[in-house]
Every structure is written in C-alpha cells, then in structure tokens.
Amino acid sequence: QHSNLSLQLSFPFSFSFSSSLHNYSTTQLHNYTTYTAIMSTRSDDTSDFEKLKNAFETLTGHVSSLDDLMAAFGLKHMPAAQRYGIMFGFVVFTGTIAAVVSLLFMGGSFQRIAAQAESGDVSVPDPIRARNERSLLYERLLVARDRMVKETNYEMQKTTTDKTTLMMMLLNLPIQTGNDENGGVAALADTAAAKRKEAEHHVPPGYQNDYVEAYRKCQDRPNGATMSGRPEARFEAYARSWAGCGQHVSRDYKRSYARLYEHVCCRTHATDDKYRTLYADRPDDIVGRHVRLEALEVDRHADELFAATSGQVYNNNKSFDPKEVWGFQACGPFANAKEAAQSPIFHRKLNEAGFAIMDNLTDRFVGAIILSNDDPQNLTISLDTPISKPSAEGSADVIEAGFLLMDKLFACGYRRIQFAVDSQDAVNKKLAARLGFTKEAEIPKHMVVKDANRDSTIYGMLNSDWTKGCRPFLYKKLHGAGLQKFDAANEHAEAELDERTFKLAAKKAE
C-alpha cells in the first residue's frame, strides 16, 4: 500500500519532468538544425548578402502562419489583450522608425552630412557668420534713404548727451543729502525741529512726508533683526528708498523696492556703509540685488563701454571677437573710446534713455541698456537689446537690469513694452523668453542695419501679464523663493493697512 501511494505521488512529477525534458530536447534539436542549416550556407564563394539571405530564408521556413510567428516570440499563450497590445506597440515602433529614416533621406540630412565630411565645414552658419554674410541693399535704395533723411529732418532726430526727460522720470529723485554732520537726509525724521527744517531745504516737495511715513512704517514692520550698534539703519534705508521713488509711481512698487533695498543694504555693517555712501553720491541710481542702474554718461562710462566690448582682455575676461557684441547692433564695433563716445549709444534721441549696468559687488561696468521709441500718448515704449560682454549675455546681471527697468516702467503707468530682436539673433531671442516676453510677430524688411536688411522678431509685455505672472516669476528667479513669498505677503499686508489708513483719514476729513 505504501508503494502504491508513493507511485501515485511520484507519477505526476515524473510525467511533468518527462514532458519538460521532451520539450527541451525538441528545442535543442530545432536550434541545432537551424544552426546546421545556417552553417551549411557558409562558403568562401558566397557573398555576405547571400549568406544573410539564405539564413533568413532558413529561419522563416519554420514560420508558416501567424500562430507560428506568435509562438516564436512567446505570445501564443498570453491573454488576448496583452498579445494584441504588444503587437500594436511593435507596429507603432516599426512605423516610427520607418518615418524617421524616410525623413532623414527625403529631408537631405544624409546629403548634408556627406557634404560636411567632404568640405570639413558646417552647412548651417552661426549667427555672427550669418550676419556678416548678409547681402547689402541696392545702391539706389541707400541713396534714396540718405536723401529722404536729409529732406525730412524731423524734430525727433535731435540728440543729446545729457539726461533726457524719460531718463529723469525713471531714475530715483536726485536729491541733495545735505551735511552729514547734521544727519543728512536722515534728519527728516529727527525729533529736533531745527534739524528737520535744515534737511527740508535739500529735498524736493513731498519727499519729507514720504520719508517720515516710510520711516514709521518700517519701525512697525522691519524686514529683519536690528543691526548691532545701528538700531535705525533699517528704518533709514527703507525710508530713503521709498521716498526716492517719487510720488508718481504706484505704492505697490514702492513697497517692494523699499523692502528689497532694505534687505540689500542691511545685511552687514559694510553693506550699510557702502549703500549709505552711494546714496549720498548718487541718490538717483536704481538699486537691485546684483546690479544697479546708473544714468549712462559719456565722461563716466565711455571708456568702460569700449574696454568691455572691444574684444580685448578686460579684467578677468579673455579676448573675443567684438562682432559677438556688435554684430546685430546698429553701430559698433569701435576703434577707440572716443569713437564710442560719439556713437548713438551716448548721443540719444529725445524720446530715448540710456542706463549703465553696474555690478553691486565689484562696482564694475557690466553693460548698457537702452529705452527707445517712447510714446507716452499710447503708454508704450521699446526696450532695446542689452549691450554687454559675451560672458554676461543672459546672466543674472542682465536679467535683473531688464527686470528693474520693466518694473519701474509699469509702475509709472506704461501699458506695453516692446522688445524687437533681429531674427537671426539667437542670444537675445533666449533673453526675451527669460524675461517673460510673448512673441507677437515676425516682420520682414523691418529695418536697414549697417546697409543691410534686417528681419525682426517682435516680442511684447503687457502690464496685466507683468502683474499676474511675469513679475513674481522673475522675482523668484532672481532673489529666491523665500524673498518672493515675503514680498507677496508683505504686499498683501501693507496694501490692507494702507486701505484702512486711507479710509480712516477720509472719515476724519468728513
């Protein structure tokens, strides 16, 4: 009985083992037969293509139906949904590969690769090369242009090296800080009436009220811990930046600018000393975290502009081709600083404004940024492509310079800023995207630059787009998520406080 039970228990295992052994033997025999058939096709007189063809015919000879094909790939015993899903994926993959290969052949990619291999040169030129190889306009068109420019002689063709009205509107107030022994501008919030009266003579109307308001507001809500030995440093930094914005910009701009200025100034005693001195010397500069904007002046910046963009070794930068900077500009490159000083960069039209980008850490010249085509009637203006050394292109310095200008323009009431770029200028096209501009149009034959045609790509920024999304995005990109969250929370809290204050003042006036 025990023997019968053992036989009954071992019989299924024996049958399963025998079946597996049979399947394995059959598979090995099939593989051996296939291998023998393939090896039998090998001959010294047979070409490689014929060998491959014979091997393929030998393999496909065992596949006579779709079931055999699915069995060869292990799909026959799978569920129908999985089987057909795999088959559909294989068909899509095969179609994709076939389409890519067809496009490579039909698009001429292989021909270009072969041409590059023969000539040793690329068939798609870089932007600078493309700009240099532009054909010039016909002579009759150039003659007609010069004649019409002389005959018309519009008023806007007048230029100046002084600060234009647009520049003075955008810069901070150019106040006189007074005698430092008497407290300077900080005396406006002094408890002594004599000091306040002395300080009033050095500031424009309305500045003192703004200064005192901001000073008291920062006392209630400082943007950090009190500096040791300088308890009033934060209040003074916030107050002078708030009042320096003037009375014709929005209050939300003044709140944000003053808080950032306070943060930059009051990090250490050294930064407090630096920006306090800078305000005394140049109170109208627009100060950011990485850079500040100064009025572009011939005496102060012409030599630095030439040195930074001439292609020669400048500070820690290596030499470069000056056409990298001036290739898509209407002027340049220049032979010397004097020639640069005589260029339209410094001789601006009456509806333009020029600013120098200065590094806050090193106080070195980074580049220049120009505003043009000011149209206050329609509240629009154009931001020209920045002029900077190649190592600064697309850097945080250039992006913050654009941010500071756009933020001030929209705070003053502009509705649209245009950014026109040469269609072949890949660098400034990327800058337009980084600054948040929206592509609006492609304009053929838009301008004549250096006696050659220029097609332009037009980008635009609307005040609604700036407020709703672009400004918070750039602020976070430049200053970090922490400062961006604080800026948004501070704006919300102080806006509510201002609204309550104005309502209370209105009730008292009644």
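Let's start on the outside of this protein, where F93, I97, V100, V101, L104, F105, M106, F110 and I113 form a nonpolar patch on the surface, with about 890 Å² of accessible area together. Two elements each give two or more residues to this patch: α4, spanning 80-106, and α5, spanning 109-119. The bigger giver is α4, since 7 residues of the patch come from there. Take I97 as an example: this residue sits in helix α4, and its relative accessible area of 42% makes it partly exposed. Keep in mind as you look around that this is a predicted model.

Now step back and take in the whole protein. The chain folds into 20 helices and 11 strands. Of its 510 residues, 37% are buried. The protein exposes about 29700 Å², and carbon and sulfur atoms supply 57% of that area. What share of the contacts with a separation of 6 or more comes from residues 24 or more positions apart? The answer is 65%.

Let's go inside next. In soluble globular proteins, nonpolar side chains tend to be buried together. Here, the largest nonpolar core has 72 residues, and F355, L371 and F437 are the members that touch the most others. Helix α17, which covers residues 396-412, gives the most to this core, with 10 residues. A second core, separate from that one, has 22 residues, including A302, L305, W326 and A356.

To see what a core residue has around it, find L371. Setting aside its neighbours within four places in sequence, L371 is in contact with residues from several stretches of the chain, among them L166, L170, F355, I381, L405 and L409. The list of contacts also includes N351, E352 and S382, so try displaying those residues around L371 as well.

Two further residues are worth a visit. T160 is found in strand β1, made of residues 159-160. Is T160 buried or exposed? With 18% relative accessibility, T160 counts as buried, because the cut-off for buried is under 20%. The side chain of T160 reaches the backbone nitrogen of D162 at 3.0 Å. Not counting residues up to four places away in sequence, T160 also touches F346, H347, R348 and L350. The other residue, Q329, lies in the loop between α15 (323-326) and α16 (337-341). Q329 has a relative accessible area of 12%, so this loop residue is buried too. Leaving aside neighbours within four places in sequence, Q329 is in contact with T385, P386, I387, V449 and K450.

Finally, let's follow the charged side chains. The structure holds 31 salt bridges, and three of them make a nice tour. In the pair R147 and E151, the closest N and O atoms are 3.6 Å apart. Both residues lie in helix α7 (residues 139-152), with their positions 4 residues apart, about one turn of the helix. R147 is partly exposed, at 44% relative accessible area, while E151 is exposed, at 57%.

A salt bridge can also connect distant parts of a chain, and D498 and R255 show this. Their side chains meet at 2.4 Å, N to O. D498 belongs to helix α20 (residues 481-509) and R255 to helix α12 (residues 251-265), which places them 243 residues apart. Are these two buried or exposed? D498 is buried, with a relative accessible area of 7%, and R255 is buried as well, at 5%.

Stay in helix α12 for the third pair. R259 forms a salt bridge with E262, and the closest N and O atoms are 3.0 Å apart. Because R259 and E262 are 3 residues apart in helix α12, about one helical turn separates them. R259 is buried, at 3% relative accessible area, and E262 is buried, at 0%.

Salt bridges can join up into networks too, and there is one here to look for: K274, R282, D285, R292, E294, R300 and D363 are linked in this way.

Methods
Residues numbered from 1 in each chain as written. Predicted model: local features only at pLDDT ≥ 70, side-chain atom pairs only at ≥ 80, totals over all residues. Heavy atoms only, no water. Buried < 20%, exposed > 50% of the residue type's maximum accessible area, 1.4 Å probe, protein only. Contact = heavy atoms within 4.5 Å. Areas by Shrake-Rupley, 256 points an atom, 1.4 Å probe, with all protein chains shown as cover. Core = buried A, V, L, I, M, F, W, Y, C linked by side-chain atoms within 4.5 Å. Polar contact = N/O pair within 3.5 Å; in protein donor to acceptor, adjacent residues only side chain to side chain. Patch = residues over 30% accessible without salt bridge, like charges linked within 9 Å, V, L, I, M, F, W, Y side chains within 5 Å. Salt bridge = Lys/Arg side-chain N within 4 Å of Asp/Glu carboxyl O.
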